[in-house]
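Student: I have a structure open here and should like to go through it with you. Could we begin with one residue and work outward?

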Amino acid sequence: MTSASAAPPPPDRGHDHRWPALAVCLAAGFMTLLDVSIVNVAVPSIRTGLHASQSGLQWVLSGYALMCGLLLVPAGRLGDVRSRRAVFLTGLALFTAMSALAGAAQNETWLVATRLVQGVAGGILVPQVSGFIQQMFRGPERGRAFGLLGATIGVSTAVGPLLGGLLIEAFGPEEGWRWVFYVNLPIGLVALPLARRLLPGPAASPDGARAAARGAGRRSDLDPVGVVLLGTGTAVLLLPFMEQEEWHGPQKWLLVPLALLVLAGFTAWERRYARSRDPLVDLRLFRQRAYGLGVLLSLLYFAGFTAVFFILTLYLQNGLHYSALQAGLSIVPFALGSVATAAVGGRIVGRYGRPLVATGLATVVVGLLATALAVHLDTGRSAGWATAAPLLLAGLGSGLVVAPNQTLTLSQVPVARAGSAGGVLQTAQRIGSAAGIAAVGSVFFDGVGTGHPDWPGGFQAGLLSATALAALALVVALADIRGRRAPEPVAVPVAQEGAGAGPS
């Protein structure tokens, strides 16, 4: 990395298309995130239309998330070292093509294969979005940009079930699932030419990773050994969580300590590699309180946040026999609350810092506890109405968590590390989501039981466990606040951008 005396890199404003360029990035990010939540409600339709097996359906869901998680950090690094725009365009074109092929699938194998490649494309796309935000914006503008990204995350996660339900309602249970994938086509086809015209190219990014590596007297490459070790460790760690329903028995959990050993080997390799070359992940980033605790907070929060939608959809559809459309409508209050505060959170995070995130987390905890109480008091078909107000409150809190935490976590990261650092943060989110769904789902199914299913009881038990994960994230935020003797800076002074990754 460059020294502190290096020439300050200006914000990449080139032809000053940064806000339209951000809109293109957010559209692509929305598409990749939507494909996680929208497919969940399409599972019965896929089973009907393709006569798919339970194992095949599991891979339609988990294969996408797994492949996406494996590519986040390497793809982010590729964008840092080469051309972020070229990598983005490649991922967007591939994602759009795979969406068309998935919708046209004629059998289970075809659909699973296209979903795996679609996950690869998503993993290529996602880290470029945060990388472009770091590259194009500075100071308060960066906070606003991340606020819009947070709103996009909230909308795509919560609106997916509603949109999926509408499409299946419109096109029928046998063919409706195809439109869950086809819905990506107009977004991708419009975004591709706009991305090519609006996004800055490598020439507009003087603070590239190669220049940073030369300033530190090191060679820059893609660190292939690091890529293999991190990919293997992540895959082995995610697999038992994603295959919990299909892979019975405790033997699968032996993969967790194995994964931790591989990741420990990755850490040792990166430290050794950094002596002479530019590593895949600069571990000095974790010396920054903002980055290290922000990644941990994100992992814990996404473990609870994502699991809530999983068990709520199961409860409404299986327990109360809601249609896919009705279940999707029940999640809308959370989405509306999240959108309402995410953009605002991005604007004011510079003023309030980590206490804003703590306030959001406390609001989420209260909202989820109120949701559990509402289900306890109303166990009938009107539960969707009873949970609307508390889910709205939880959504309002969530909007103050995701975007502000991302802004604070990446605030001290040099632009030369924007893609890989963002990839690490997003990988933590994927791991948290997979682990949370597995853990909270297990509590949920144990609470429901088998003989005489207790759906309200199972949902309350699962929701309380998800709330506990959000509360742990709140503890991390409070520990960060207590551990700071001075207010947290939200953006590195321009003169120090790219100065390295020392403690914040």
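**Contacts, cores and aromatic pairs**

Tutor: Let us start with Tyr315. Beyond its neighbours within four places in sequence, Tyr315 is in contact with Leu320, Val375, Asp378, Thr379, Ala383, Phe444, Trp455, Pro456 and Phe459. Please keep in mind that the model is predicted.

Student: Which residues touch the most other members of the largest nonpolar core?

Tutor: Tyr315 is one of them, together with Phe88, Tyr301 and Leu361; this core has 91 residues.

Student: And which helix gives the most to this core?

Tutor: Helix H11, residues 289-319, with 16 residues. A second core, separate from that one, has 19 residues, among them Val39, Ala52, Ala105 and Ile168.

Student: Let us turn to aromatics. How many aromatic pairs does a search of the whole structure find?

Tutor: The search finds 18. One of the pairs is Phe171 with Trp179, where the ring centres are 4.4 Å apart and the planes are at 10 degrees.

Student: Why is that pair stacked?

Tutor: Because the planes, at 10 degrees, fall under the cut-off of 30 degrees for stacking.

Student: Are those two residues buried, partly exposed or exposed?

Tutor: Phe171 is partly exposed, at 39% relative accessibility. Trp179 is likewise partly exposed, at 36%.

Student: Going back to the contacts of Tyr315, what kind of pair do Phe444 and Trp455 form?

Tutor: A tilted one: the centres of Phe444 and Trp455 are 6.0 Å apart, with 50 degrees between the planes.

Student: What does that pair tie together?

Tutor: Phe444 lies in helix H17 (residues 418-448) and Trp455 in helix H18 (residues 455-482), so the pair ties together parts that are 11 residues apart in sequence. Phe444 is buried, at 0% relative accessibility.

Student: Which residues form an aromatic cluster?

Tutor: Tyr301, Phe302, Phe305, Phe309 and Phe334 make up one such cluster. Tyr301 has already appeared among the residues that touch the most other members of the largest core.

Student: Now a polar residue. Where is Ser99, and is it buried or exposed?

Tutor: Ser99 sits in helix H4, residues 84-103. Ser99 is buried, because its relative accessibility of 0% is under the 20% limit. Apart from its neighbours within four places in sequence, Ser99 is in contact with Gln118, Phe181, Tyr182, Asn184 and Leu185.

Student: And Gly346? Which residues does it touch?

Tutor: Gly346 touches Gly143, Arg144 and Gly147, leaving out residues up to four places away in sequence. Gly346 belongs to helix H12 (residues 324-352) and is buried, with a relative accessible area of 2%.

Student: How far is the C-alpha atom of Gly346 from that of Ala151?

Tutor: The two C-alpha atoms are separated by 9.4 Å, while Gly346 and Ala151 are 195 residues apart along the chain.

Student: How many disulfides are there?

Tutor: The count is zero. As for individual cysteines, Cys25 is buried at 1% relative accessibility, and Cys68 is buried with a relative accessible area of 1%.

Student: Finally, the whole chain. What are the overall figures?

Tutor: The chain has 18 helices and two strands. Of its 504 residues, 58% are buried. Among contacts with a separation of 6 or more, 85% are between residues 24 or more positions apart. The chain exposes about 18,900 Å², of which carbon and sulfur atoms supply 67%.

Definitions and conventions
Residues are numbered from 1 along each chain as its sequence is written. This is a predicted model: local features need pLDDT of at least 70, side-chain atom pairs count only at pLDDT 80 or more; totals for chains, interfaces and linings use all residues. Side-chain values use heavy atoms; hydrogens and water are left out. A nonpolar core is a set of buried Ala, Val, Leu, Ile, Met, Phe, Trp, Tyr and Cys residues joined through side-chain atoms within 4.5 Å. Buried means under 20% relative accessible area, exposed over 50%, partly exposed in between (1.4 Å probe, protein chains only). Helices (H or I, at least four residues) and strands (E, at least two) are DSSP runs, numbered from the N terminus. Contact means heavy atoms within 4.5 Å. A disulfide is a pair of cysteine sulfur atoms within 2.5 Å. Rings of Phe, Tyr and Trp (its six-membered ring) pair if their centres lie within 6.5 Å; planes under 30 degrees apart count as stacked, over 60 as edge-to-face and the rest as tilted. Accessible areas come from the Shrake-Rupley method with a 1.4 Å probe; for residues, only the protein chains shown count as cover.
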